[in-house]
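Please open the structure in a viewer and keep the sequence panel visible. The tour below proceeds by selection, one stop after another.

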Amino acid sequence: GKVTKEIVSKKEPTNHFTRNMDISLDFLDITPIKHEMPISSAAFELPPVNAGTFLTEAFDRSDAPAPIEMAHGTTTLGFKFKDGVIIAVDSRSTQGNYVASGSVKKVIEINPYLLGTMAGGAADCSFWERELGRQCRLYELRNKERISVAAASKLLANIVYSYRGYGLSMGTMISGWDKKGPGLYYVDSDGTRLKGERFSVGSGSTYAYGVLDTGYRWDLTAEEAVELGQRAIFHATHRDAYSGGQINVYHIQPNGWVKVVGIDCFDLYDQYIGNKKQ
């Protein structure tokens, strides 16, 4: 069942190129190569390892190298007030101490009434929140009505809970407007799901919380709420090296979400910092 093929590479006479360049190819060790391959097989040679147990054998040992610590950086926040929900984010993506991108879209537009935010691993957040968008659309087609914010956040929490221990890195907020009014939930990769009136997630969240807690009131006007979200993200980008880029603010209302601010954080420096130095 096997056919033996013999491929012989012969040394060619000196061609025009080598003659002009006066280059000798005598140093090459050109020997006949024999290949034995079943006629019916076109498979690639695989490394001599067991793919199913490779990770365990390589890393689950006493002398195994330390696991890679993923360094994440971002600032996202969301809060409810009398006229809806404000979602504000920065746009900087980091790889350790390096800025990978300054224009990441950290708000996932799940549908016209639902938004999700990204903090942690960009790939994990982006993939699973888009998958959430698919499931929300299927729910709408089956039930002839939009999914509630609570149900959407529960779907995401159930998904990531089933992947606990697989290395997902997510800290996200699911927000929107449904029949019960504005909704805001925090969901992370451990399957934790919390309902609340205000959240901030990411490496700059402590700075954002300081501004948010100081200026927050339930009866804020829409303009005041947008400015508060913008100001909280700005001060986080000012103090946190892993946050920066553009500040994006969304306002979720009964008729859906609207992006109301998209501005570079450096353009706000004079407004919030520069004038105080005079």
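Which residue stands opposite Asn 248 in E14? Select Asn 248, and Gly 262 is found opposite in E14. Before going further, please note that this is a predicted model, in which local features need pLDDT of at least 70, side-chain atom pairs count only at pLDDT 80 or more, and totals for chains, interfaces and linings use all residues. Residues are numbered from 1 along each chain as its sequence is written, and side-chain values use heavy atoms, with hydrogens and water left out.

**The whole chain**

Display the entire protein chain, which holds 7 helices and 14 strands. Helices (H or I, at least four residues) and strands (E, at least two) are DSSP runs, numbered from the N terminus. Of the 278 residues, 39% are buried; buried means under 20% relative accessible area, exposed over 50%, and partly exposed in between (1.4 Å probe, protein chains only). The chain exposes about 17200 Å², of which carbon and sulfur atoms supply 53%. These areas come from the Shrake-Rupley method with a 1.4 Å probe, and for residues only the protein chains shown count as cover. Among contacts (heavy atoms within 4.5 Å) between residues at least 6 apart in sequence, 61% join residues at least 24 apart.

**Strand E13 and its partners**

Select residues 246–253, which form strand E13. Because 6 of its 8 residues are buried, E13 is largely enclosed by the rest of the structure. Two strands pair if DSSP finds at least two bridges between them. Add strand E4 (residues 84–89), which is joined to E13 by 5 bridges and runs antiparallel to it; here Val 89 stands opposite Asn 248. Next add strand E14 (residues 256–264), which also runs antiparallel to E13, with 8 bridges between the two. A hairpin of 2 residues connects E13 to E14, and Val 249 faces Val 261 across this pairing as its opposite residue.

Now show the side chains of Tyr 250 and Trp 257. Rings of Phe, Tyr and Trp (its six-membered ring) pair if their centres lie within 6.5 Å; planes under 30 degrees apart count as stacked, over 60 as edge-to-face and the rest as tilted. By this rule there are 8 aromatic pairs. The rings of Tyr 250 and Trp 257 have centres 5.6 Å apart and planes at 65 degrees, so this pair is edge-to-face. Tyr 250 is buried at 2% relative accessibility, whereas Trp 257 is partly exposed at 24%.

**Ser 175 in strand E9**

Move to strand E9 (residues 171–178) and select Ser 175. Is this residue buried or exposed? Ser 175 is buried, because its relative accessible area is 1%. Leaving aside neighbours within four places in sequence, its contacts include Val 85, Ile 87, Tyr 113, Val 149 and Ile 252.

**Helix H3**

Select residues 122–143, helix H3, and centre the view on Glu 129. Glu 129 is buried yet has no salt bridge, a term that requires a side-chain nitrogen of Lys or Arg within 4 Å of a carboxyl oxygen of Asp or Glu. The nearest side chain of opposite charge is that of Arg 130, 8.3 Å away; Lys and Arg count as positive and Asp and Glu as negative, while His and the chain ends are not counted. Not counting residues up to four places away in sequence, Glu 129 touches Ile 108, Ile 110, Gly 116, Thr 117, Met 118, Leu 156 and Thr 172.

Glu 131 lies in H3 as well and is buried at 17% relative accessibility. The C-alpha atoms of Glu 131 and Leu 156 are separated by 8.8 Å, although these residues are 25 apart along the chain.

Then select Phe 127, Trp 128, Tyr 163 and Tyr 166, which form one aromatic cluster. Within this group, Trp 128 is buried at 13% relative accessibility.

**The loop after H3**

Finish at Lys 144, in the loop between H3 and helix H4 (149–161). Most residues other than glycine have a negative phi. Lys 144, although not a glycine, has a positive phi of about 60 degrees. At 72% relative accessibility, Lys 144 is exposed.
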